[in-house]
Amino acid sequence: MEDGKEKCSFRKGLVFGMLLMAAVFGLGGCTTAYFLPRFSGTGNSGEGQINAKVQELNHYIEEYYLFDYEEEDVENGIYKGLMAGLGDVYTGYYTPEEYASFMESSNGSYSGIGAMLQQDYNTGIITVVRVFDGSPSAEVGMQADDILYMVEGREVTGIDLSLVVTDLKGEEGTPVQVSILRGTDVLELTLTRRSIEVPTVESRMIDEQIGYIAIAEFDDVTDEQFMAAFDNLESQGMKKLIIDLRDNGGGLVDVTCTILDRLLPEGLIVYTKDKDGNRQEETSDAEHYFAGDMAVLVNGNSASASEIFAGAIKDYGVGTLIGTQTFGKGIVQSLFPLSDGSAVKMTVSRYYTPAGNNIHEVGIAPDIVVEADRESEEDNQLQKAIEVLSR
């Protein structure tokens, strides 16, 4: 899947309804809804002043603006600007079309280009972290570590990843033009969108006792795929398990917790605290518990829900973390659908590992640090995990 890199959400606690109050003003001869923030106190802040300034701007647009424009785009720009003003890269507004595309991304199938992307929220750079076999991206030669520079002639650096993914997806059989940076080279690619089934879980037996499960991201379909893979490996005699979370940028927290419930003993998996200090817990029960040794592979692209997973494994002491420091996203977003089919995504809480650690902008240190050797054909991090479990 193409995004899945910042969809961290406690879906059980989503709040529905309008978040912002509305006023109405005229723009270009039509009536447009304008969402105003609530302000308290006196001085220069206030709804009346904001409304007056918007009217003033509208006057200059009507009198002097040279180019044609879509009133809908101006309206959406107001909403997007309001959310952007909060200064949180994980908070944003989605038009009805963008929201529908965003929700489609978590269902395990979509019509797009077949590449997994990740955004560095410090630089805004969007990087390809995985290309699915047989996908349109694979067919045109796109590779991991390519930088996505432009989509349909628009530079995408710094644009919310979910919105970029919306532009990459579309009707099956339609083309999309992208520019990528590979080293110092700029490559212009034309891809033909088609239906993509996302393989979020891959598994195999490494030897007679060690099983291997790679989780690409935590989507709606991932827990079922994981359980099927886990049961299949156990039927083949698995006694020890390697879980590969490298380049897994996160996903749905409840899916992550369902998988952890299968692996951990009874107890706390993760908890969150909102701005008022309200605490919400996710726990594992005593029904299932994997008693074998585990190793978990992580790297700098392991983020959000992957860090919830790695943090719980580490705090319980039931597995060895191997690789490099994780990304460091210890905050949770929720989606709030609005009455017109649009939505906002907002950061609503911090999450904490079972031991009470919040790893936001810090990450999780592996128990055994192993830098990836990209010059070798052998996966040295995986080999280290095999070595640890073979002792």
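The largest pocket of this structure holds about 990 Å³ of space. The model in which this pocket is found is a predicted one. Rolling a probe the size of a water molecule over the atoms is a way to show where empty space is left. The lining of the largest pocket is made up of 37 residues, and those closest to its centre are V129, R246, D247, N299 and R374. Several elements give two or more residues to this lining, namely β5 (115-119), β6 (126-131), β12 (201-205), β13 (210-215) and α9 (380-389). Among these contributors, β6 gives the most, with 4 residues. Sorted by class, the lining contains 13 nonpolar, 11 polar and 13 charged residues.

Two of the residues named at the pocket centre, R246 and D247, deserve a further look. R246 is found in the loop between β14 (240-244) and α7, while D379 is found in the loop between β21 (368-369) and α9, so a contact between them ties together parts that are 133 residues apart in sequence. That contact is a salt bridge between the two side chains of D379 and R246, with 2.8 Å from N to O. R246 has a relative accessible area of 16% and is buried, because a residue counts as buried when this value is under 20%. D379, at 28% relative accessibility, counts as partly exposed. The contact is also part of something wider: salt bridges with shared partners join D244, R246 and D379 into one network.

D247 lies in the loop between β14 and α7. With a relative accessible area of 25%, D247 is partly exposed. The backbone of D247 also has a notable angle. Most residues other than glycine have a negative phi. Phi of D247, however, is near 65°, a positive value in a residue that is not glycine. E152 offers another case, with a positive phi of about 50° although E152 is not a glycine either. E152 is placed in the loop between β7 (147-151) and β8, and its relative accessible area of 47% makes E152 partly exposed.

The loop that holds R246 and D247 lies between β14 and α7, and helix α7 is the next element to consider. Is this helix enclosed by the rest of the structure or open to the outside? Helix α7 spans residues 253-263, and 10 of its 11 residues are buried, so the helix is largely enclosed by the rest of the structure. The buried residues are V253, D254, V255, T256, C257, I259, L260, D261, R262 and L263.

Salt bridges also occur elsewhere in the chain, and a search of the whole structure finds 11 of them. One of these joins K80 and E98, whose closest N and O atoms are 2.9 Å apart. K80 belongs to helix α2 (residues 71-84) and E98 to helix α3 (residues 96-105), so the pair, 18 residues apart, links distant parts of the chain. The two partners fall into separate accessibility classes: K80, at 25%, counts as partly exposed, whereas E98, at 15%, counts as buried.

Another salt bridge is formed by the side chains of D167 and R154, at 2.6 Å from N to O. Since D167 lies in helix α5 (residues 161-168) and R154 in strand β8 (residues 154-155), this pair ties together parts that are 13 residues apart in sequence. Here D167 is partly exposed, with a relative accessible area of 31%, and R154 is partly exposed at 38%.

The surface has a feature of another kind. I61, Y65, L66, F67 and Y69 form a nonpolar patch there, and together these residues have about 530 Å² of accessible area. Within this patch, L66 is located in the loop between α1 (47-64) and α2. Its relative accessible area of 69% means that L66 is exposed, because the class of exposed residues begins over 50%.

A final contact returns to elements that line the pocket. Both β12 and β13 give residues to the pocket lining, and Q209 is placed in the loop between them. Q209 counts as partly exposed, at 42% relative accessibility. Which separation do the C-alpha atoms of Q209 and S390 have? They are separated by 9.1 Å, although Q209 and S390 are 181 residues apart along the chain.

Notes. Residues are numbered from 1 along each chain as its sequence is written. This is a predicted model: local features need pLDDT of at least 70, side-chain atom pairs count only at pLDDT 80 or more; totals for chains, interfaces and linings use all residues. Side-chain values use heavy atoms; hydrogens and water are left out. On a 1 Å grid over the protein atoms alone, a cavity is a set of points where a 1.4 Å probe fits but cannot get out, and a pocket is an open set with protein on both sides within 12 Å along at least five of seven lines; lining residues have an atom within 4 Å of a point. Grid points are joined across faces, edges and corners, and a volume is the space filled by probe spheres set on the points. Ala, Val, Leu, Ile, Met, Phe, Trp, Tyr, Cys and Pro count as nonpolar, Asp, Glu, Lys and Arg as charged, and the others, Gly among them, as polar. Buried means under 20% relative accessible area, exposed over 50%, partly exposed in between (1.4 Å probe, protein chains only). A salt bridge is a side-chain nitrogen of Lys or Arg within 4 Å of a carboxyl oxygen of Asp or Glu. Patches are made of residues with over 30% relative accessible area and no salt bridge: like charges are joined within 9 Å, nonpolar side chains (Val, Leu, Ile, Met, Phe, Trp, Tyr) within 5 Å. Accessible areas come from the Shrake-Rupley method with a 1.4 Å probe; for residues, only the protein chains shown count as cover.
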